Amino acid sequence: HSGCSRIEVDVARQDDVVQLTVRDDGRGGAAPTGQGILGMAARSRRLGGTFEAVSPDGGPTAITVRIPTGEQR
């Protein structure tokens, strides 16, 4: 839906948290109350994590999810 030509996916672990960030160069404007965004946010929270979506009109869009692993390093 974004019309993007490029997407980046970053996964990193710091201590007991895994962070996933997905960025694209699309048109932005993802509706914060849309079912896709709400569903991703709900699943993140069910795992004890956080969810952030930044998608201004004109783009770009970035989604960041942080999920605790339950393990200490």
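## Strand β3, strand β4 and helix α1 in a predicted model

Apart from its neighbours within four places in sequence, E52 is in contact with A62, I63, T64 and R66. The structure described here is a predicted model, and E52 is a convenient place to enter it. This residue lies in strand β3, and its C-alpha is 5.7 Å from that of I63, although the two residues are 11 apart in sequence. With a relative accessible area of 40%, E52 is partly exposed, because that value falls between the limits of 20% for buried and 50% for exposed.

The contacts of E52 can be read together with the pairing of its strand. Strand β3, which covers residues 50-54, pairs with β4 in the antiparallel sense, and 5 bridges join the two. Within this pairing, F51 stands opposite V65 in β4. The hairpin that β3 and β4 form has 6 residues between the strands, and in this hairpin G58 takes a positive phi near 95°.

T61 is found in strand β4, and it counts as buried because its relative accessibility of 13% is under the 20% limit. The side chain of T61 makes a polar contact with the side chain of S55, at 2.6 Å. When neighbours within four places in sequence are left aside, the residues in contact with T61 are V22, R23, D24, G28, V54 and S55.

The table sets out two relative accessibilities side by side.

| Residue | Strand | Relative accessibility | Class |
|---|---|---|---|
| E52 | β3 | 40% | partly exposed |
| T61 | β4 | 13% | buried |

The wider setting of these strands is a sheet. This open sheet is formed by 4 strands in the order β1-β2-β4-β3, with antiparallel pairing. Its edge strands are β1, residues 7-14, and β3, each of which pairs on one side only. On average, and with direction ignored, neighbouring strands of the sheet are turned by 10° against each other. Helix α1 packs on this sheet, where it touches β3 and β4, and the direction of α1 makes about 155° with that of β3.

Helix α1 itself has 12 residues and reaches 16 Å from its first C-alpha to its last, which is close to the 16 Å expected at 1.5 Å a residue. Its buried residues are I37, G39, A41 and S44, and what covers them includes β3 and β4. Just after the helix, G48 takes a positive phi of about 80°.

Which residues make up the largest nonpolar core? That core has 6 residues, namely I37, A41, F51, I63, V65 and I67. Both α1, residues 35-46, and β4, residues 61-68, supply at least two residues of this core, and β4 gives the most to it, with 3 residues. In soluble globular proteins, nonpolar side chains tend to be buried together.

V65, one of the core residues, is also a meeting point for several parts of the chain. Leaving aside neighbours within four places in sequence, V65 is in contact with V18, Q19, L20, S44, T50 and F51. Among these contacts, F51 is the residue that stands opposite V65 in the strand pairing, and S44 is one of the buried residues of α1.

Technical notes. Residues numbered from 1 in each chain as written. Predicted model: local features only at pLDDT ≥ 70, side-chain atom pairs only at ≥ 80, totals over all residues. Heavy atoms only, no water. Core = buried A, V, L, I, M, F, W, Y, C linked by side-chain atoms within 4.5 Å. Buried < 20%, exposed > 50% of the residue type's maximum accessible area, 1.4 Å probe, protein only. Contact = heavy atoms within 4.5 Å. Pairing = 2+ DSSP bridges. Polar contact = N/O pair within 3.5 Å; in protein donor to acceptor, adjacent residues only side chain to side chain. Expected span 1.5 Å × (residues − 1). Axes fitted to C-alpha atoms, helices over the stretch in contact; angles between N-to-C directions.
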